[in-house]
Amino acid sequence: MKRIFKSLFLFSAVVLTASVFTGCKDEPDKYEISGGTPTIRYIRPVNVESADSLLTGAYMDNNICIVGENLRSITKMLFNDQEAKLVPSLITNNTLIVTVPGQIPGEVFNKIFMINNSNDTTTYDFKVLVPGPTINNMSNEWAKGGEQATIYGNYFVDDPNTPLKLTINGYTMPIEEFDISHITFTVPAGLTEGPIEVSTVYGKKKAKFNYHDTTGMLFNDFGTYDAGEKSTGLTNHGWHAQKIVSDENSLDGSYLQLGDVDIEDGTWADSDLSFEYWPGDWDGTFTGVNSRLSDLVSFADFANMALKFEVNIPSSNPWTNLSMQCIFSGDAQVTLPTANNTFFNGTDYPRGLWTPWSKTGSYDTGGKWTTVTLPLSTFKYKNDGTPAGTPLTADCFTGLTLFIWSGVTSGTTCHPIIRIDNIRAVAY
């Protein structure tokens, strides 16, 4: 019996020893903080093709490679007063890859501070470069005088010697509130269409869109043509005549209203939820209010364009189910004389799906007008949200259908009112 226990003990010891050594062999590069202090010889780009270039500064959120000795002694690193995130798997004794912090420094020292395990600090001269401002979008490009609006973007920096400045159509806007990613202001009375520009101590940027933008306009003041106001006169032009309304909710003349009907999974209510503009007339003409959309706006570079419009959904009637199918069509799919629904009903024809309620379960704008931007590069889905079998081509832009149906069908029953105005196709 003693021999058996002795044999078992020896066997267990051998297994344990083997497992310990195996574990050590499995982690030969396990990260360990070393003693001493770090030394930086130089800093270069991470990109191998640019590795011969030496850096004395880098933009926020850029990756850099620090080359030196004893870099595993670093336990904390700051660029000016902003701490960088250290990733052990990107650190060796001689190289350290790190991302320059994305927060603008509160105090600028133009130095990297490296703190070691003994809490000693080593410095290295290095500038954190702050980009000029970027402008992404505006809460409502058609906000009226007296209404509050917000510009969204990045690197909106105020400096005592060079204050943050927002101009629209050459006029300086009174900034009411801002941070690095937004500027809020009140639109002055009488402001007309014009470019939007933000300037900071680090540079200036002009937005791709205008305030009160009429660029690429397809539908504005539905059914009314006014060359001076750049209204196209286009409106319902298909099987269904949706409500065209002009009332106290109007943004700019009349607007399109969809909804005011119950929606649940499986709802097909095209009489209330489908806006169609199919070009042409029974006599074969494609002019005036029967024009092809591609005759009003060039879609030659459609891959770098977006569908834009303003939307207004009251909080009393939120949207909580189905997607809005946004479907550009060509003459090969549908015209008024060849009216059909086969091009969008259960086929491979590509479209965009707008489902703003999907993240929170409900969507409304509180009865305020909001600008919506849908890049045409995302118009690549079938009605159910699966990838379409065919892509959009340059000849797919003579008509437009908006239909709330299918798409995301995991919502709840709702009775939405969806007001839409200023449908346009613009560079993006």
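Me: In this predicted model, where buried means under 20% relative accessible area, exposed over 50%, and partly exposed in between (1.4 Å probe, protein chains only), why is Asn70 called partly exposed?
Reply: The relative accessibility of Asn70 is 22%, and because this value lies in the range between the two cut-offs, Asn70 counts as partly exposed. Asn70 sits in the loop between strand E3 (63–69) and strand E4 (74–79), strands being DSSP runs (E) of at least two residues, numbered from the N terminus, and Asn70 has a positive phi of about 55° although it is not a glycine.

Me: What makes Asn110 partly exposed?
Reply: Asn110 has a relative accessible area of 30%, and therefore falls between the limits for buried and exposed. Its place is in the loop between strand E6 (95–99) and strand E7 (111–116), and phi of Asn110 is near 55°, a positive value in a residue other than glycine.

Me: Why is the pair Gln82 and Asp81 called a polar contact?
Reply: A polar contact is a pair of N or O atoms within 3.5 Å, in which, within protein, one must be able to donate a hydrogen and the other to accept it, and residues adjacent in sequence count only if both atoms are side-chain atoms. The side chains of Gln82 and Asp81 are joined at 3.2 Å, so the pair meets the distance limit.

Reply: Residues are numbered from 1 along each chain as its sequence is written. Local features need pLDDT (the predictor's confidence in each residue, from 0 to 100) of at least 70, side-chain atom pairs count only at pLDDT 80 or more, totals for chains, interfaces and linings use all residues, and side-chain values use heavy atoms, with hydrogens and water left out.

Definitions and conventions. Helices (H or I, at least four residues) and strands (E, at least two) are DSSP runs, numbered from the N terminus.
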